[in-house]
Structure formats: structure tokens, C-alpha cells
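Please open the structure in your viewer and keep the selection panel at hand. The tour below proceeds stop by stop, stating what to select and what is to be found there.

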Amino acid sequence: MALADGLHRRSMSAGSHGQPAVSQRTAASRPHAGSGHRSFHAADCRSPLELRAMAVEFPTVEGHPNRLPFEGVLTLVDVASDKAPSGSRGHRVVLTRAAAEAALPSLLGMAVDYKTGWDGHDARQKCGIITSAAIEGKKLAVAGYLFARDFPEMEQRIEVDAMGMSYELADAHVADMRAPVWTLTRATFTGAAILLRDKAAYRNTSFRLKRAVQARATRPTPRHSRLSA
């Protein structure tokens, strides 16, 4: 996880980021108030089974060459980060469940990115899209697609079992900026990074492709070229 290096101030209320064709399996809750107002970028456990989930429903395109499905745990809610994310001035952070639930709609349609070396964020190197998000227990799980045709090197370089995720936030509201651990009571998700798990602020995040690397490597050679116009 990395809290945003550049602290923006945008007024976007969670839940107003109307994404098309969104299905919501349970209702999300409301934002909270606090005393500090910041913007951030940022990245398991079990509690009584509770699920808050939303998804953008894409039409099925069999064999789409540029959609490689993935899933991962983006972060934990109500759990202090293992280390301070960037932008947090050295503070570890806690994203509250209420804040995460309220911000869930802002996560849909946001991009995943990666940085060469898999050790941080590069918000301009967008290599995929998040299409669903769910809070299960203390896990905020996401799924979506990597742009496999545009970034063919990624699939081979992603190390199975070594990868994690890190969220990117804006408009994060810190309850008390003097607290040793910052509590984020409101935020807007602006994206996520794929990175080595031990580089993420939460070491219990995860990332995995839903199609085996080996299987893709043995696919037959396509008979059509890539075209653009």
C-alpha cells in the first residue's frame, strides 16, 4: 500500500461515482466525519461473515486476447498497516470498514498499474482494470482484467505467491493526524498497484492470475494480426 504522494483535495462523495451496469449485492454504508482531511494513494484475517460487494458487468467475449482475468486482496479493513505507506508522513494507517464500504463504488472501473521492479506504484503505467470489489470479513477483495495483449511481459514476470496489491486513494479523511496510527474514515479509491507483497504496506495482500501462466504460454499462435486505426 502507498498513500498518495501528491495530496489532492477533491470533493467526491463515495457512492456518487456512477459506474455503468453496476450490480450491488448488498448495500454499502455511509461516510464518516473527522478532523483531518487528506488525499492518499495506498495496498488477512476473518471476522464474522459479512459481505459487501459491487461489480461492473462486462459482456462475455470468448477468447478475448486482451482480457486476462485476475483476482486479489487489495487491503484489509479495520487493521493497521504493517508499515507506513507513502504519503502518510511515516504513520501506519487503518482504513475503517465504514470508509471502505462507502468507497467501494469508487473502486470499480479504476486501473491497476505496476512499476518496473514490482516495488511500488506507477499510476501512469496502467495495465488493467478493476471490475468487482467485495469486503469479506477483513479482506477487501478485487477482481478484473489485465491487458494481456498490451502488456505481454507481465504474465510471465508475475511471481506466483509472491505478489500483493496496494491501493491508491484520494480525499482520505484522517480522524486525528496526531495519532501514531492514522485512522482513515473516508476516502476515494483512484486505482491500485500490483507489486511484491513484501513491498506493500499490508503484507497479507495477494494477487494472482486466474489463468495459469504455463497454460497461456502454450496457446496456439493466433492467425490474426493486431490492427489499429
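Begin by selecting Tyr167 in this predicted model. With a relative accessibility of 0%, Tyr167 counts as buried, because the cut-off for that class is under 20% relative accessible area. Add Phe189 to the selection; this residue is also buried, its relative accessible area being 2%. The rings of Tyr167 and Phe189 make an edge-to-face aromatic pair, with 5.9 Å from centre to centre and 75° between the planes. Tyr167 belongs to strand β9 (residues 163-174) and Phe189 to strand β10 (residues 181-196), so the pair ties together parts that are 22 residues apart in sequence.

Next, display β9 and β10 in full. In which sense do β9 and β10 pair? The two strands are antiparallel, and 10 bridges connect them. Together they form a hairpin, with 6 residues between the strands. Select Val174 to see one of the paired positions: the bridge partner of Val174 in β10 is Leu184.

Keep β10 on screen and colour its residues by accessibility. Of the 16 residues in β10, 12 are buried, and the strand is thus mostly covered. Now add strand β5 (residues 92-95), which runs parallel to β10 and is joined to it by 4 bridges. Here Leu95 stands opposite Leu184 of β10. Then add strand β6 (residues 111-114), which pairs with β10 in the parallel sense over 3 bridges. In this pairing, Tyr114 is the residue opposite Ile194 in β10.

Tyr114 also leads to the next stop. Select Tyr114, Trp118 and Phe151 together: ring pairs link these three residues into a cluster. The structure holds 5 aromatic pairs. A ring of another setting can be seen by selecting Arg67 and Tyr145, where Arg67 lies over the face of Tyr145, at 5.2 Å from the ring centre.

Turn now to helix α1 (residues 97-107). How many residues of α1 are buried? The count is 11 of 11, so the helix is largely enclosed by the rest of the structure. Among these buried residues are Arg97, Glu101, Leu104 and Leu107. Select Gly109, which follows α1, and note its positive phi, near 85°.

The following stop is the loop between β4 (68-76) and β5, where Ser81 is located. Is Ser81 buried or exposed? Ser81 is buried, with a relative accessible area of 0%. Show its side chain, which reaches the backbone oxygen of Lys83 at 2.8 Å. Asp78 is found in the loop between β4 and β5 as well. Asp78 is partly exposed, at 37% relative accessible area.

The last stop concerns backbone angles. Most residues other than glycine have a negative phi. Asp78, however, has a positive phi, near 60°. Finally, select Asp171, which lies in strand β9. Although Asp171 is not a glycine, its phi is positive, at about 55°. Asp171 counts as buried, with 5% relative accessibility, whereas Asp78 is partly exposed.

Technical notes. Residues are numbered from 1 along each chain as its sequence is written. This is a predicted model: local features need pLDDT of at least 70, side-chain atom pairs count only at pLDDT 80 or more; totals for chains, interfaces and linings use all residues. Side-chain values use heavy atoms; hydrogens and water are left out. Rings of Phe, Tyr and Trp (its six-membered ring) pair if their centres lie within 6.5 Å; planes under 30 degrees apart count as stacked, over 60 as edge-to-face and the rest as tilted. Buried means under 20% relative accessible area, exposed over 50%, partly exposed in between (1.4 Å probe, protein chains only). A charge sits over a ring if NZ of Lys or CZ of Arg is within 6 Å of the ring centre and within 35 degrees of the ring normal. Two strands pair if DSSP finds at least two bridges between them. A polar contact is a pair of N or O atoms within 3.5 Å; within protein, one must be able to donate a hydrogen and the other to accept it, and residues adjacent in sequence count only if both atoms are side-chain atoms.
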